[in-house]
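Q: I'd like a close look at one part of this model: the packing. Could you talk me through it?

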Amino acid sequence: MTERPTEGSRDRRNGSRRALASVQLDETAKQIIEQLQQDGRRSYAAIGKAVGLSEAAVRQRVQKLLDSGVMQIVGVTDPLMLGFSRQMMIGLKCEGDLETVADELAAFEEIDYVVITAGSFDILVELVCEDDEQLLELLGRIRRVPGVVSTESFVYLKLRKQTYSWGTR
């Protein structure tokens with residue numbers, strides 16, 4: 001695994017800028033990632049057996065992947081089962097510097113996904129709220145962010161598919 005510098009790239013873990021972001025993965029690193037995408041709790045020993053490395057070597061490689069920001073190992077929850085009755089995507093039309101607007105939105109605790117896009121919307125954000133009262137308050141805060149011109153909300157009614165196993169290239 002080697003990193004190539006790219007100017008202005010962002011750390012996927014926390015949205016902060018970082019100088020090194022483009023990563024070249026060798027086949028073993030890709031296989032380790034694929035093993036963890038199948039089961040994030042898979043032991044280093046089991047991964048090592050599958051990819052032909054020792055447990056210690058897998059542990060070291062996983063740590064490098066985590067440290068570089070290539071991947072995260074997290075518990076993914078179903079917001080509805082945790083009492084968040086509203087999950088939605090909001091499309092924003094903006095003016096001015098999109099990265100500044102995106103950075104301000106990324107600081108909102110309720111927003112879990114921020115992406116600058118091409119097309120009808122300049123920025124898409126995903127969020128979860130406990131109820132309509134919280135959603136209304138949050139929409140007001142989003143609309144007051146300097147540079148936000150308009151918003152369009154897409155309330156999720158039912159989740160049919162959500163995977164994180166798109167693999168590596």
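**Helix packing**

A: The cover over the buried residues of α5 includes β3 (86-94), α4 (98-106), β4 (111-116), β5 (123-129) and β6 (148-155). This is a predicted model, where local features need pLDDT of at least 70 and side-chain atom pairs 80 or more, while totals for chains, interfaces and linings use all residues. Residues are numbered from 1 along each chain, and side-chain values use heavy atoms, without hydrogens or water.

Helices here are DSSP runs (H or I, at least four residues), and strands are E runs of at least two, numbered from the N terminus. In α5, the buried residues (under 20% relative accessible area, 1.4 Å probe, protein chains only) are L135, L138, L139, G140 and I142. At 1.5 Å a residue, the twelve residues of α5 (132-143) should span 16 Å, and the end C-alpha atoms are 16 Å apart, which agrees.

Now for α1 (residues 27-38). Its axis comes within 10 Å of that of α2 (residues 44-51), crossing at roughly 130°, so the two are oblique (outside under 35, 65 to 115 and over 145 degrees). Contact (heavy atoms within 4.5 Å) is made by T28, Q31, I32, Q35 and L36 of α1 with I47, A50 and V51 of α2. That group divides into five nonpolar, three polar and no charged residues.

With α3 (residues 55-68), the α1 axis comes within 11 Å and crosses at roughly 85°, which makes α1 roughly perpendicular to α3. Here T28, A29, I32, I33 and L36 of α1 meet R61, V62 and L65 of α3.

Note on methods. Axes are lines fitted to C-alpha atoms, for helices over the stretch in contact, and angles run from 0 to 180 degrees between N-to-C directions. Ala, Val, Leu, Ile, Met, Phe, Trp, Tyr, Cys and Pro count as nonpolar, Asp, Glu, Lys and Arg as charged, and the others, Gly among them, as polar. The expected span of a helix is 1.5 Å times one less than its number of residues. Buried means under 20% relative accessible area, exposed over 50%, partly exposed in between (1.4 Å probe, protein chains only).
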